[in-house]
Amino acid sequence: MLWYGMAPRPRRSQSARLSRSLKASRKRLVFDAQLFLDSVGLGRTVAKCRAGERIFSQGTPGTHVMYIREGGVKLTVVNTVGKEAVVEMLGPGDFFGVRCLSGRSVYTATATAIVPTTVLVIEKDEMIRVLHAEHEMSDRFIANIMARGARGEEALIDQLFNSSEKRLARILLLLARYGKPGQPQKVVPKVSQEMLAEMIGTTRSRVNFFMNKFRKLGFIRYNGEIHVNDSLLNVVLHD
C-alpha cells in the first residue's frame, strides 16, 4: 500500500541504471579548455604561418581571436606618418586579436609570425560564447590577458628607467622562453638587430655593440641561432 502523495520507489536495477546515466552525462558535460584549444570544431580552425607571414593587418575588420599553439608572433603599429614600432612579442599559450571582443571593429595592430607558427583561429561569436559558458576557459583567458598586461607594465618601466643594455638583455631573455609551455628552449627566434633596436628604443649599432659584449662575456652564443644562457639575467639584476 502507498502512503498518500508518495511515489513508488524505483527498483534497484532501475536506480543503478539511472545513477550510471547521470554520471555519464556529467562526464560528457565536463569542459576541457586545453582540449578546446588543441582541436578544431564549430567556429575554430587552424592556420599554419611561415616566418614573416602577416596574420592580420592594422585597420582590417576584427572578426577573430587567435591563440598561439606553436611559434611566435610580433605585434606592430604604424602611425600616420608611416613609422612602425614593435609593441609586443607573443609566444605559445598567448591570445591575440582580443580587442575585437571589447567592441573594436578593427584590429589595432599588425600581427606577423616571426618563426613558423601555428595558431588556432576562433570566430568572435564562438569566443564570446565559450567565455560566457565555460568558467575554465574564461579563467584561462583572463589569466593570460593579465599576464600580458603585467609584461606591458614591466616593459614601460624598463623603457623609462633602465639602460638600453638592460632592455636588450630583458628582451633576449623573454624571447628565449618561446617554445613549448613549461619547457624554455633558450633559443631566440630569428629576429634581426633592427627589430631588437625597435623593441628597446635604440639604434642597430648599439644593439650590435651589446650583442658582441654579451657574446664575449659568455651570456649568449651564436651557432646559426642565438642561444641565451641564464647568466644573462645578471645584466638585468645588476644596478
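These legends walk through several close-up views of a predicted model of one protein chain.

**Figure 1. The whole chain, before we zoom in.** To get your bearings, start with the overall count: the protein chain has eight helices and eleven strands. There are 239 residues in the chain, and 39% of them count as buried. Now look at the contacts in the chain whose partners have a separation of 6 or more: 72% of these come from residues 24 or more positions apart. The close-ups that follow pick out some helices, two strands and a loop.

**Figure 2. Helix 4, end to end.** Helix 4 covers residues 135-161, which makes 27 residues. From its first C-alpha to its last, helix 4 reaches 39 Å, close to the 39 Å expected at 1.5 Å a residue. Six names are worth finding along helix 4, as these are its buried residues: Met-137, Ser-138, Phe-141, Asn-144, Arg-148 and Asp-158. What covers them? The cover for the buried residues of helix 4 includes three helices, namely helix 2 (33-38), helix 3 (124-133) and helix 5 (164-175). Strands join in too, including strand 4 (73-78), strand 5 (84-90) and strand 6 (95-96).

**Figure 3. Helix 3 against helix 4.** Here the view moves to where helix 3 meets helix 4. Their axes come within 5 Å and cross at roughly 110°. An angle of 65 to 115 degrees counts as roughly perpendicular, so that is how helix 3 and helix 4 are described relative to each other. On the helix 3 side, the contact is made by Met-127, Val-130, Leu-131 and Ala-133. On the helix 4 side, look for His-135, Met-137, Ser-138 and Phe-141. Sorted by class, this contact between helix 3 and helix 4 has six nonpolar residues, two polar ones and no charged ones. Met-137, Ser-138 and Phe-141 may ring a bell, as they are among the buried residues of helix 4.

**Figure 4. Ile-128, a partly exposed residue of helix 3.** Staying with helix 3, this view picks out Ile-128. Is Ile-128 buried or exposed? Neither label fits: its relative accessible area is 27%, so Ile-128 is partly exposed. Leu-101 is 27 residues away from Ile-128 along the chain, yet their C-alpha atoms are separated by 7.2 Å.

**Figure 5. Helix 5 crossing helix 7.** Helix 7 spans residues 204-216, and its axis comes within 10 Å of the axis of helix 5. The two axes cross at roughly 70°, and therefore helix 5 and helix 7 are roughly perpendicular to each other. The crossing of helix 5 past helix 7 is right-handed. Helix 5 brings Ser-164, Glu-165, Leu-168, Ala-169 and Leu-172 to the meeting, while helix 7 brings Arg-206, Val-207, Phe-210, Met-211, Lys-213 and Phe-214. By class, the contact of helix 5 with helix 7 has seven nonpolar, one polar and three charged residues.

**Figure 6. Helix 6 packed on helix 7.** Helix 7 has another partner in view here: helix 6, residues 193-200. The pair pack at an angle of about 105°, with their axes 8 Å apart. That makes helix 6 roughly perpendicular to helix 7. Gln-193, Glu-194, Leu-196, Ala-197 and Ile-200 of helix 6 meet Arg-204, Val-207, Asn-208 and Met-211 of helix 7. Counted by class, the contact of helix 6 with helix 7 has five nonpolar, two polar and two charged residues.

**Figure 7. Arg-177, out in a loop.** After helix 5 and before strand 9 (187-188) comes a loop, and Arg-177 is found there. Its relative accessibility is 39%, so Arg-177 counts as partly exposed. In sequence, Arg-177 and Val-228 are 51 residues apart; in space, they are 9.6 Å apart, C-alpha to C-alpha.

**Figure 8. Two strand residues, Thr-76 and Arg-54.** Thr-76 is in strand 4, and Arg-54 is in strand 2 (residues 54-56). Thr-76 has 2% relative accessibility, so it counts as buried. Arg-54, with a relative accessible area of 53%, is exposed. Leaving aside neighbours within four places in sequence, Thr-76 is in contact with Gln-58, Glu-84, Ala-85, Val-86, Val-87, Ala-109 and Thr-110. With the same neighbours set aside, Arg-54 is in contact with Thr-110, Ala-111 and Thr-112. Arg-54 and Thr-112 are 58 residues apart along the chain, with their C-alpha atoms separated by 4.3 Å.

Conventions:
Residues are numbered from 1 along each chain as its sequence is written. This is a predicted model: local features need pLDDT of at least 70, side-chain atom pairs count only at pLDDT 80 or more; totals for chains, interfaces and linings use all residues. Side-chain values use heavy atoms; hydrogens and water are left out. Helices (H or I, at least four residues) and strands (E, at least two) are DSSP runs, numbered from the N terminus. The expected span of a helix is 1.5 Å times one less than its number of residues. Buried means under 20% relative accessible area, exposed over 50%, partly exposed in between (1.4 Å probe, protein chains only). Contact means heavy atoms within 4.5 Å. Axes are lines fitted to C-alpha atoms, for helices over the stretch in contact, and angles run from 0 to 180 degrees between N-to-C directions. Angles under 35 degrees count as roughly parallel, over 145 as roughly antiparallel, 65 to 115 as roughly perpendicular and the rest as oblique. A crossing is left-handed if the near helix is turned anticlockwise from the far one by less than a right angle, and right-handed if clockwise. Ala, Val, Leu, Ile, Met, Phe, Trp, Tyr, Cys and Pro count as nonpolar, Asp, Glu, Lys and Arg as charged, and the others, Gly among them, as polar.
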